[in-house]
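Q: Could you take a close look at one part of this model for me, the sheet and what surrounds it? I'd like one connected walk-through rather than a list.

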Amino acid sequence: MARDLFIVIVGCGRLGSHLANRLSRAGHSVVAVDSDESAFGSLSPEYSGFRVEGDATELAVLKQAKADKADLVIVATRDDNVNLMVAQVAKAAFAVPRVVARVFDPKREAVYRHLGVETVCPTAVAAESFLQIASDAASKEGSS
Amino acid sequence: MKVLIVGGGKAVYFLCRTFLAKGHEVTVINRSRDECVEMSRRLKVTVIHGDGSDPSILEEAGARGADVALALTPKDQDNLVVCQLAAREYGVPQTVALVSDPDNEDIFRKLGVGTFSTTRTLASLIEQRTALDEITNLIPAAEGRVNLTEMALRPNWPVVGKALRDLALPADSLIAVVLRGDQVLVPRGDTTLQAHDRIVLVTLPENHGPVLRFITGETT
Amino acid sequence: MEAKPVLIVDDEKNIRLTLSRALEALALETATAVNGEEALSRIREKDFGLVLLDLKMPGMDGMEVLRRLREARPDIKVIIITAHGTIESAVEAMKLGAVDFMQKPFAPKEIRELVRKVLSRDALVAEKAGDYGSHVELAKRAIANRQFDAAQEHVRQAIAADATKPEAFNLLGVLLEMAGNRLEAQKNYRAALALAPGYKPAEENLGRTVGGKGGGFRLGKSEHPPEDEA
């Protein structure tokens, strides 16, 4: 990664904490946000970023996390609606240059992709991987 | 009109009753099976059990044919998604989201979603404390962006005996109407305020408190 | 950026790391300390120009460290790092002599901007020091406009530029007298006279404060037209 980014990660669960650890180790300045303080326990001891405890659907919490200075905001809570809302707020209220939200529901993901929200859909990604495997298995079957 | 409501509780129940009385068709989406059963027993509404922010549920509830979608759940994020899906995916012409966090009101509007918030209205009501007995109405107009207040001027208030042009009301406020006895005056610069006049005051939510204090002479 | 090294004092490793990395980009030499005691011994060993100090630390608390730092080396500038929502302690610290503060969390570019600003304030003061006449005139103007803080700053810089001339001491006396400190004011009028016996404005001011001769404050003639205020 070429330059240091200031990254805000909303949701410090399995995905969020993993990203926070990796991105911090890569030299970026990271702020992890979660409404539950115990979630920060998943952060590695080497994590060199900040922690903000609060509900990211509150504007004040995003302000506290300095979202207005962020180069990138990653929204990865367990709740699709929270992720979609925070992603839009980050763009509309804080003009963050790049925002990406995890959205589990493929139907919702499709609508919001058209609305211009950058999303990652684990369901779709996993489906692709599994389908690839099935397709490989099918072609092996055919050639045996 | 075909009204689609996402949410539950007493407020939604009475809202449904009100819409039905006006002759509208109502569909309710609710996450609690018990509430759904209860509502379907007591009211002539279509009830769908499920998550209103799930496109397939909205589809099932006939969002495509709805004229209005009201998202009244306790969570701002759910209400936002319901309204955005209803508008973008199902072409519902009018959507309103209940907003609990006043900070979110402006953003939701920026994102094209109409909002309704009780927080701001209640907060400014409480701020007025002593002035409460003089205030007979507090109507937020223009989607909560403007307040209209009717109040009777007490004899000892600093604005009594002054002409409007000499008043120096705080910025962004206006005395729109003066009711004197059974006279209705649309005031001009030389209109002098008298004790017991009832004025209709226009303010913004942000300056409502200070303007009231200016008029009543409260220095709190 | 030409400057003395910066000392970073914070018990949290991630903050020390974030700050050192951020300041690297400014080509500033940095050193770290994990608590107040270490900080105080570091400043004895090496000449630091700036300290970034976290207010909330276990052991010797940040305010105490600040107090001792200011006592030992009042020339070292201190920026304090505070937790979110603790404006009162930031204000307290500023009263104790910190030059500015930064709330956590902060983006690296925020702390870089602040450090750059603080370090360049110094350079600015040094630059302007050459202009004795301008400072005297600006001080007089400020007194006339009742901007006493600005006046004090200009007088200070005038004296820094040239401590052998009477005008600035006379003006300092006036400011002190206006603040109600007659004793100190007289000292400065006398200092002006010692530097330039017969300097009228100081004579008259002194006379007034000693013998109640009446008359207003004498600021002295405007000999040097002021340059544009920066």
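A: Let's go straight to the open sheet in chain C: five strands, lined up in the order 2-1-3-4-5, with parallel pairing. Strand 2 (30-33) and strand 5 (100-103) of chain C sit at the edges, so to speak, each pairing on one side only. Going from one strand to the next, the twist averages 20°. Keep in mind that this is a predicted model.

Now zoom in on the pair formed by strand 3 (residues 50-54) and strand 4 (residues 77-82) of chain C. These two run parallel and are joined by five bridges. If you want one spot to click on, try Asp54(C): its bridge partner in strand 4 of chain C is Ile81(C). Helix 3 (residues 62-72) of chain C packs on the sheet, where this helix touches strand 1 (6-9), strand 3 and strand 4 of chain C. The direction of helix 3 makes about 160° with that of strand 3 of chain C.

Stepping back to the whole chain, chain C has 10 helices along with its five strands. Of its 230 residues, 36% count as buried. As for contacts in chain C between residues at least 6 apart in sequence, 57% of them join residues at least 24 apart.

A quick word on confidence, this time for chain B. The average pLDDT there is 87, and 88% of the residues score at least 70. Strand 1 (residues 2-6) of chain B has the highest confidence in that chain, at 97, while strand 7 (residues 135-141) of chain B has the lowest, at a mean of 60. Where pLDDT is low, don't read the predicted coordinates in detail.

How values were computed
Residues numbered from 1 in each chain as written. Chains lettered and ligands numbered in written order. Predicted model: local features only at pLDDT ≥ 70, side-chain atom pairs only at ≥ 80, totals over all residues. Pairing = 2+ DSSP bridges. Helix = DSSP H or I, 4+ residues; strand = E, 2+ residues; numbered from the N terminus. Axes fitted to C-alpha atoms, helices over the stretch in contact; angles between N-to-C directions. Contact = placed C-beta atoms within 7 Å. pLDDT = per-residue confidence, 0-100. Buried ≥ 20, exposed ≤ 12 C-beta atoms within 10 Å, placed from the backbone.
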